[in-house]
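Let's take a walk through this one together. Have a look at the chain and the ligands first, and then we'll go through them step by step.

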Amino acid sequence: MKRRRLHSEIIYTIVSLLKGLGVTFTNLWRKKVTLMYPEERWDLPENYRGMPAMPIDRKTGKDKCIACGACMRICPEQIITVGHVVGEDKKRKLTGFVIDMSRCMFCGLCAEICPTAGIVMSDTYEISKTSREQLVFDLDDLHEIGGFHPDEPEEEAGEQTASEGSGTRVSRNNEETTSAGFGTGVSRNNESAGGGEEKPAEGGTA
Ligand code: SF4
Ligand code: SF4
């Protein structure tokens with residue numbers, strides 16, 4: 001009785017082994033679905049939404065934000081703080097911009113509502129940090145991630161202006177939008193952060 005049981009266990013083991021090897025050999029010829037990250041990365045789809053960023057306009061050398069506060073009001077997580085002063089010309093001037101990325105859900109509403117494409121969705125998604133504090137991005141960080149706005153074609157410049165607020169996205173793969181800081185992640189140890197840039201007051205919601 002014992003011997004018969006031993007035989008059946010040996011046969012069962014061999015069959016299991018052969019089945020396992022069969023699965024291994026079958027998958028050897030299949031197309032790979034893994035990448036050698038971080039050396040290799042996926043090609044992101046055209047409409048991929050990464051974290052919000054504030055690209056620089058090449059013509060003015062500044063971002064396009066007019067401190068209207070629309071993004072701050074629409075953000076479902078209430079994680080955007082826009083600081084501003086009203087100048088002698090009665091226009092708002094941006095003094096600071098902060099996003100607490102620890103709670104951002106990449107919904108893109110801030111970019112959708114922005115009337116000037118001052119804030120856009122980038123394709124940056126690697127923002128792992130070691131503390132929540134490091135996930136609070138200020139204006140310098142958002143500029144660094146945003147890089148530059150794509151150059152607008154001359155003949156379409158008028159149309160572009162009319163549709164700027166419709167969720168523009170800057171792409172890491174687009175050479176025109178590539179800047180020194182683009183695609184390299186964000187350094188919260190950025191020395192320029194806080195270097196003379198006034199931070200918005202806490203709770204400075206409109
Ligand atoms: S992407 Fe959504 S959650 Fe993130 S800052 Fe913009 S509006 Fe808020
Ligand atoms: S909606 Fe656009 S222009 Fe208005 S505060 Fe936000 S980023 Fe600036």
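Before we start, one cut-off: a residue is taken as near a ligand if its C-beta atom, placed from the backbone, lies within 6 Å of it. Keep in mind, too, that you're looking at a predicted model.

With that cut-off in hand, start at ligand 1. Which residues come closest to ligand 1? They are C75, C104, C107, L109 and C110, out of 14 residues that surround this ligand. The make-up of that shell is 12 nonpolar residues, 1 polar and 1 charged; cysteine goes into the nonpolar group in this count.

Now move over to ligand 2. Here 13 residues form the surroundings, and the closest are C65, C68, C71, C114 and G118. This shell has 10 nonpolar and 3 polar residues, with no charged ones.

Next, step back to the whole chain. You'll find 5 helices and 5 strands in it, and going along the sequence they run α-β-α-β-β-α-β-β-α-α. Of the 206 residues, 27% count as buried. As for contacts between residues at least 6 apart in sequence, 80% of them join residues that are at least 24 apart.

So what sits inside? In soluble globular proteins, nonpolar side chains tend to be buried together. In this model, the largest nonpolar core has 29 residues, and the members that touch the most others are C71, I80, F97, I119 and L142. Several elements each give at least two residues to this core: the helices α2 (70–74), α3 (109–113) and α4 (139–146), along with the strands β2 (80–86), β3 (92–100) and β4 (120–121). β3 gives the largest share, with 4 residues. You've already met C71, since this core member is also among the closest residues to ligand 2.

I80 is a good residue to zoom in on. Leaving out residues up to four places away in sequence, I80 touches C71, M72, C75, I99 and C110. Two of these names, C75 and C110, are familiar from the list of closest residues around ligand 1, while C71 appears in the list for ligand 2.

Finally, follow the chain along β2 itself. This strand is mostly covered, with 5 of its 7 residues buried. How do β2 and β3 pair? They run antiparallel to each other, over 7 bridges. Together they make a hairpin with 5 residues between the strands, and in that turn K90 has a positive phi of about 70°. If you look at the pairing, you'll see V86 standing opposite R92 in β3.

Notes:
Residues are numbered from 1 along each chain as its sequence is written. Chains are lettered from A and ligands numbered from 1 in the order in which they are written. A nonpolar core is a set of buried Ala, Val, Leu, Ile, Met, Phe, Trp, Tyr and Cys residues joined through C-beta atoms within 7 Å. A residue is buried if 20 or more other C-beta atoms lie within 10 Å of its own, exposed if 12 or fewer, and partly exposed in between; C-beta atoms are placed from the backbone. Two residues are in contact if their C-beta atoms, placed from the backbone, lie within 7 Å. Two strands pair if DSSP finds at least two bridges between them.
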